[in-house]
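Reader: I'm new to this structure and would like a close look at one part of it. Could you pick a strand, walk me through its surroundings, and then show me what else ties the chain together?

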Amino acid sequence: MKRNVWCLAVIGLALAYLSLVYMARAQAIDWQKVDETLGRKAAVSDDVHRYGFPRSDLSVTLDGVMIKPSLALGGWIAFKPVDAGAMVMGDLVLLETEINPVMAKMIANGLEITAVHNHLLRASPATFYMHVAGHGDPLKLASALHDALAESKTPLTVAAPASPPPAVDLDTAKLDQIIGVKGQANSGVYQFNVNRRDPITQHGMPLTPVGPMGVAIGINFQPTGGGKAAITGDFVLTGDEVNPVILALRTHGIEVTALHSHMLDEQPRLFFMHFWANDDAIRLAEGLRAALDKTASTKN
């Protein structure tokens with residue numbers, strides 16, 4: 001018993017030390033210059049700086065629903081301090097004609113492409129998602145990402161909002177209760193991040209905090225009137241969870257729109273399952289909860 005307590009104490013001290021090391025590395029980076037290069041302020045969570053690149057320039061419809069950027073068009077890039085610089089991960093929202101120009105610039109600037117695929121079906125215009133990764137000097141990474149995004153029509157400056165975001169006309173307290181975590185309103189969309197219980201690493205580096213690093217289960221509700229909502233997002237799954245989650249979603253009338261990887265060398269190996277439905281929000285939340293119950297996810 002004493003040995004186990006001692007081991008836990010050592011692990012705790014080691015994690016605390018690593019946390020201090022990562023925070024020191026984060027403070028050594030000139031984040032103001034990174035902000036200036038990318039043309040926006042980051043959302044900061046622990047040592048991760050995450051930059052949003054929503055496709056607010058696009059008017060995308062799916063099954064008659066006008067997609068808000070925060071529902072399914074929210075590109076992002078996250079920087080996490082590591083030895084000799086930072087690692088960067090991201091998910092960029094692109095039109096079909098933008099994929100190859102952006103990819104060519106990414107490759108020329110030494111960045112990696114880890115996935116290109118759809119998240120939605122039947123969207124007009126069709127949107128695609130390019131997952132990227134890199135490692136090195138944060139300012140050089142930011143400049144490379146800016147230059148690549150300039151090959152698309154992604155807004156590179158942040159415009160002041162024309163009006164306050166619309167209220168989320170849904171029973172959000174009930175949604176919180178069903179999903180099992182507290183959601184958050186974002187530009188008219190109610191969003192959930194549901195963490196997995198198992199640690200996730202890439203290149204031996206813990207991908208924490210998991211939400212900003214793109215490895216939390218994401219669930220988004222956009223009100224469509226009369227208590228209904230369009231839902232989309234992605235489940236983060238291990239291989240043995242994939243088909244049970246597909247069955248749970250399909251049983252509850254939720255369409256599976258994509259199944260793929262987002263990274264190349266994460267541990268454990270993960271699969272990302274995207275979904276879509278537009279129906280009674282509470283009924284859809286219950287279907288999502290049934291799918292979450294098939295995963296190693298957390299619940300408050």
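Author: Sure, and let's ease in with a small hairpin before we get to the main strand. Asn 186 has Val 189 in S10 as its bridge partner. Keep in mind that this is a predicted model. The two strands involved are S9, residues 184-186, and S10, residues 189-194; they run antiparallel and are joined by three bridges. Together S9 and S10 make a hairpin with two residues between them, and Ser 187 in that turn has a positive phi of about 55°. S10 also has another partner: it pairs with strand S13 (residues 217-225), again in the antiparallel sense, over five bridges. If you want a spot to click on there, Gln 191 has Asn 220 in S13 as its bridge partner.

Now for the strand I'd like you to look at closely, S8. It covers residues 127-136, and eight of its ten residues are buried, so the rest of the structure largely encloses it. Who pairs with S8? Strand S6 (residues 85-95) does, running antiparallel to S8 and joined to it by ten bridges. Strand S7 (residues 112-117) also pairs with S8 in the antiparallel sense, over five bridges. On the S7 pairing, try finding Ile 113, whose bridge partner in S8 is Val 132. For the S6 pairing, look for Leu 95, which stands opposite Thr 127 in S8.

Thr 127 deserves a pause. This residue of strand S8 has a relative accessible area of 4%; buried means under 20%, so Thr 127 counts as buried. Its side chain makes a polar contact of 3.2 Å with the side chain of Tyr 129. And what does Thr 127 touch once you leave aside its neighbours within four places in sequence? The list is Leu 58, Val 60, Leu 73, Val 93, Leu 94, Asn 118 and Leu 120. While you're looking at strands, here's a handy general point: in a regular strand, side chains alternate between the two faces of the sheet.

Next, the charged pairs. A search of the whole structure turns up eleven salt bridges, and a few are fun to track down. In one of them, the side chains of Arg 122 and Asp 63 meet at 2.9 Å, N to O. Arg 122 sits in the loop between S7 and S8, while Asp 63 is in the loop between S3 and strand S4 (65-66), so this pair ties together parts that are 59 residues apart in sequence. Both ends are partly exposed: Arg 122 has a relative accessible area of 47%, and Asp 63 has 45%.

Glu 98 and Arg 55 form another salt bridge, also 2.9 Å from N to O. This pair links distant parts of the chain, 43 residues apart: Glu 98 is in the loop between S6 and helix H4 (99-108), and Arg 55 is in the loop between strand S2 (48-54) and strand S3 (61-62). Here both ends are buried, with Glu 98 at 5% relative accessibility and Arg 55 at 1%. There's a bit extra here, too: Arg 55, Asp 57 and Glu 98 are linked in a network of salt bridges.

One last pair has a mixed setting. Lys 41 forms a salt bridge with Asp 35, where the closest N and O atoms are 3.7 Å apart. Lys 41 counts as exposed at 67% relative accessibility, whereas Asp 35 is buried, with a relative accessible area of 11%.

Notes. Residues are numbered from 1 along each chain as its sequence is written. This is a predicted model: local features need pLDDT of at least 70, side-chain atom pairs count only at pLDDT 80 or more; totals for chains, interfaces and linings use all residues. Side-chain values use heavy atoms; hydrogens and water are left out. Buried means under 20% relative accessible area, exposed over 50%, partly exposed in between (1.4 Å probe, protein chains only). Helices (H or I, at least four residues) and strands (E, at least two) are DSSP runs, numbered from the N terminus. Two strands pair if DSSP finds at least two bridges between them. A polar contact is a pair of N or O atoms within 3.5 Å; within protein, one must be able to donate a hydrogen and the other to accept it, and residues adjacent in sequence count only if both atoms are side-chain atoms. Contact means heavy atoms within 4.5 Å. A salt bridge is a side-chain nitrogen of Lys or Arg within 4 Å of a carboxyl oxygen of Asp or Glu.
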